[in-house]
Amino acid sequence: MSTNLDIPILGEPARSALPADSGHEGKGEIHVVHLYPREMSIYGDLGNTRCLAARIRRHGYVPVVHQHHPGHPFPEQAHLVVGGGGQDSGQTKVEDDLARIADRLRGLAADGTAMLMICGMYQLFGNAFVTVEGKSLPGLGILDVTTRGNEQRMIGPVVLSTDHGDVVGYENHSGSTVLGAGQAPFGRVRHGQGNNGSDGTEGAVAGHVIGSYLHGPVLPANPRLSDALIGWAAEQATGRDFEPAQLDDEVARQAQTRQVRRLLG
């Protein structure tokens with residue numbers, strides 16, 4: 001497969017898409033797949049992949065970082081799948097390819113693969129996106145959510161309460177998302193608009209699949225969330241319990257705490 005479409009990931013070695021040399025696998029290899037990094041990562045979401053790869057190394061595992069582009073074969077191994085936000089034109093560019101790999105993604109989700117889908121990819125992992133003109137674009141149905149386009153955008157900093165503690169980030173979306181009757185949200189809004197600005201929910205979670213509108217990128221300031229994803233991926237990759245290292249996250253904790261205090265008082 002040609003690699004000339006790959007996006008540079010700052011801090012990642014050139015050979016990070018290749019498996020580790022024999023005897024240098026550490027606690028195990030974790031294959032990370034970033035979906036459509038050129039079309040669907042316009043608000044810094046590629047930083048989530050950089051954060052995950054760096055933390056995987058710090059925990060003593062070896063990340064193998066794949067970038068999946070439209071029309072290319074999907075990687076044979078995928079233990080952690082991430083996707084980001086994009087303009088409507090970006091979603092249009094990946095729509096056909098997403099339909100092509102839909103069954104693979106649904107199978108991975110059903111098998112418990114860790115996934116983090118942000119903004120536009122969160123919408124595409126839902127049931128449908130209904131445009132302002134009323135046209136319905138089908139999604140993957142992995143998350144039981146439906147999104148409708150609006151004339152006004154929801155923009156600004158966000159604080160959530162989640163199963164992974166407080167989560168901070170930044171939203172910038174015109175889509176208004178409604179959860180299905182049995183669909184759990186990713187978090188409850190303490191500051192910001194969330195899914196739709198009215199019901200107090202943000203994002204959605206099903207199994208190990210998390211969808212959210214939070215940019216930032218969201219993971220560097222939320223190490224507990226990062227490690228939840230890595231832990232799920234490590235267990236799937238190795239067949240063993242996650243073996244975390246003791247990491248110094250004081251800078252991230254201070255950044256998160258200061259945003260919470262600034263926004264909530």
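The following paragraphs lead through a predicted model, from its sheet to its nonpolar core, a helix and an aromatic pair.

A convenient place to begin is the open sheet, which has 6 strands in the order 2-1-3-4-12-11 and whose pairing is mixed. Its edges are formed by strand 2 (62-68) and strand 11 (204-206), each of which pairs on one side only. On average, and with direction ignored, neighbouring strands of this sheet are turned by 15 degrees against each other. Strands of a sheet pair through backbone hydrogen bonds, either parallel or antiparallel. Strand 1 (residues 29-35) and strand 3 (residues 80-83) are an example of the parallel sense, which they keep over 4 bridges; within this pairing, His 34 has Val 82 of strand 3 as its bridge partner.

From the sheet we can turn to the nonpolar core. The largest such core has 56 residues, and those with the most contacts inside it are Leu 35, Leu 80, Leu 105, Met 121 and Phe 125. Helix 5 gives the most to this core, contributing 7 residues. Leu 105 can serve as a point of orientation: leaving aside residues up to four places away in sequence, Leu 105 touches Leu 35, Phe 74, Leu 98, Met 115, Phe 125, Leu 140 and Ile 142.

Leu 105 also leads to helix 3 (residues 102-110), whose buried residues are Ala 102, Leu 105, Leu 108 and Ala 109. Why do the buried residues of helix 3 line one face of the helix? Seen down the axis of helix 3, they fall within an arc of 130 degrees, and therefore they line one face. The general background is that an α-helix has 3.6 residues a turn, so residues three or four places apart point the same way. On the other side of helix 3, by contrast, Asp 103 and Ala 110 are exposed. Just after helix 3 comes Gly 112, which takes a positive phi of about 90 degrees.

The last stop is the aromatic rings, for which the count comes to 2 aromatic pairs when ring centres within 6.5 Å are taken as the criterion. In one of these, the rings of Tyr 122 and Tyr 213 have their centres 5.1 Å apart and their planes at 75 degrees, and because planes over 60 degrees apart count as edge-to-face, the pair is assigned to that class. The pair links distant parts of the chain, since Tyr 122 lies in helix 4 (residues 120-124) and Tyr 213 in the loop between strand 12 (209-212) and helix 5 (223-238), 91 residues apart. Both Tyr 122 and Tyr 213 are buried.

Notes. Residues numbered from 1 in each chain as written. Predicted model: local features only at pLDDT ≥ 70, side-chain atom pairs only at ≥ 80, totals over all residues. Heavy atoms only, no water. Phe/Tyr/Trp six-rings, centres within 6.5 Å; stacked < 30°, edge-to-face > 60°. Helix = DSSP H or I, 4+ residues; strand = E, 2+ residues; numbered from the N terminus. Buried < 20%, exposed > 50% of the residue type's maximum accessible area, 1.4 Å probe, protein only. Pairing = 2+ DSSP bridges. Axes fitted to C-alpha atoms, helices over the stretch in contact; angles between N-to-C directions. Core = buried A, V, L, I, M, F, W, Y, C linked by side-chain atoms within 4.5 Å. Contact = heavy atoms within 4.5 Å. Arc of directions from axis to C-beta.
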